[in-house]
Amino acid sequence: MYCLDNIDNIKNTVRPKKTAHVYVPYNCGRKCPFCESRKMYDTLNVSLDKTLEVLRRIADSDIEDIMITGGEPCDNLDYLGKMLDILKDNIVYVNTLFPSESAKDITHMFDVEYPCVKGINVSRHLNTYEKDSAFLYAPATDDVLGSLKVPVRINCVIQDRRAPFSWVDSVVRRWEKQHDHKPNLELHFRENFNEVTAENLHIQDSPFLKTLCENYKYNYYNMGTSFDDVSFLSDSGMTVYYHKILPYSICKIGPLTILHEMVVFPDAEVCTDWDGSKDGLEEYCKWVNYKL
C-alpha cells in the first residue's frame, strides 16, 4: 500500500505492504456466470512470455506478496508452474476453484513443489451455479481441501444477507469437519464487493454480521482503507471472518490517494487498479523498485 500524496501519513498506523495482483495469462474454459474476469479474458490478447517477463521484474523488485488469480490458475498447471518457478523466492497466494480433475497434481504442486505458495483462497460460494452446467468440471471435495498442508481460506460470497442462523451454522459446521485435522483452514463470509462502496465500507449494519455476533465468539476487528474484517471463533476454534472489500485498488480518502497494489493483467499490462487505471504507476513502481 502506497500513499501517493504523502507516505508519512500512514507510516505510523500500518507498515505499507508491497504487493502485486497477477492475472494468469490463459483463459478459463468454465465460463462460470459469477466470474468477474470473463469479459477481460475474452477481449485481451493474453501472453505467457510477456507475463513471465513481468514476473522476472517482480522477483527482482522489493514486492513482497504476489496474488495469482484468474480465470482459474489451476486450469493450466504447466503455465502456473512456469510462473511459480520465477517467484520461488517470493511469497505467493493463489485464488482457485481447485478443480477435481487435477486435484492430485494441484496438491503436489502446492504442498511439495512450491513452498513459495503460502496459502490458497478457494471459492465455495454455495450458490445454485455450483451445481449447474456452467461448471464443466466439478470442484474438489471438502476432504481434499482438508488434507492439504498449505493454509486454506474458504471464500463464501454472501447471497442472502438475512440468511437464518441454521443456514450459517450449517456452513460453519461443514468446514469445522475439515478444521478438526487442518487447523490452518479459515472460513471467510464475504460481502459481494460490487455492493461495497467507500461510503458503506465501514458501516456494519448487515443482518448477516449480526447473526455471527450473536452466535460465535468475537475474536478481533481489523479495519483498513479498502477492507473491513470482523473475526470470530467457532466451537472448534476455527476462525470465521465477515469480510468487506472495495471493488477497486485505488482508494481516495479526502486529499489522499492510496494505491494498494500493482495489477498485472492477462496481456501483461501493468496498472494500479482493476479497471486498467495507471494513476500513480510510476511512483508506485519506484517505491517497490520495479523497473517499468
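**Entry 1: surface and overall make-up**

I looked up the accessible surface of the protein, which comes to about 14,000 Å². Carbon and sulfur atoms hold 49% of that surface. I note here that the model is predicted. Of the 292 residues in the protein, 53% are buried. I then turned to the secondary structure and recorded 9 helices and 14 strands. Among contacts with a separation of 6 or more, 70% join residues 24 or more positions apart.

**Entry 2: the sheet**

I followed an open sheet of 11 strands with mixed pairing. The strand order is β8-β9-β10-β7-β6-β5-β4-β3-β2-β13-β14. I marked β8 (217-223) and β14 (270-271) as the edge strands, since each pairs on one side only. Helix α3 (residues 48-59) packs on the sheet and touches β2 (19-23), β3 (65-69), β13 (262-264) and β14. The direction of α3 makes about 165° with that of β2.

I next examined strand β5 (residues 117-123), which pairs with β6 in the parallel sense over 4 bridges. Within β5, I asked which residue of β6 stands opposite Val122. I found Ile154 in that place.

**Entry 3: helix α7**

I selected helix α7, residues 165-179, which has 15 residues. From its first C-alpha to its last, α7 reaches 20 Å, close to the 21 Å expected at 1.5 Å a residue. I saw that α7 lies across β6, β7 and β10, and that it runs at about 160° to β7.

Which residues of α7 are buried? I listed Val168, Asp169, Val171, Val172, Trp175, Glu176, Gln178 and His179. These buried residues pack against three strands and two helices, namely β6 (152-157), β7 (185-190), β10 (239-245), α6 (142-146) and α8 (207-215).

**Entry 4: backbone details**

I checked the peptide bond from Gly70 to Gly71 and recorded it as cis, with omega near 15°. Gly71 belongs to the loop between β3 and α4 (77-86).

I also noted two residues other than glycine with a positive phi. Ala268 has a phi of about 75° and sits in the loop between β13 and β14. For Asn289, phi is near 60°, and this residue is found in the segment after α9 (281-287).

Is each of the two buried or partly exposed? Ala268 has a relative accessible area of 11%, and therefore counts as buried, the cut-off being under 20%. Asn289 has a relative accessible area of 41%, so I entered this residue as partly exposed.

Key: Residues numbered from 1 in each chain as written. Predicted model: local features only at pLDDT ≥ 70, side-chain atom pairs only at ≥ 80, totals over all residues. Heavy atoms only, no water. Expected span 1.5 Å × (residues − 1). Buried < 20%, exposed > 50% of the residue type's maximum accessible area, 1.4 Å probe, protein only. Contact = heavy atoms within 4.5 Å. Pairing = 2+ DSSP bridges. Axes fitted to C-alpha atoms, helices over the stretch in contact; angles between N-to-C directions. Areas by Shrake-Rupley, 256 points an atom, 1.4 Å probe, with all protein chains shown as cover.
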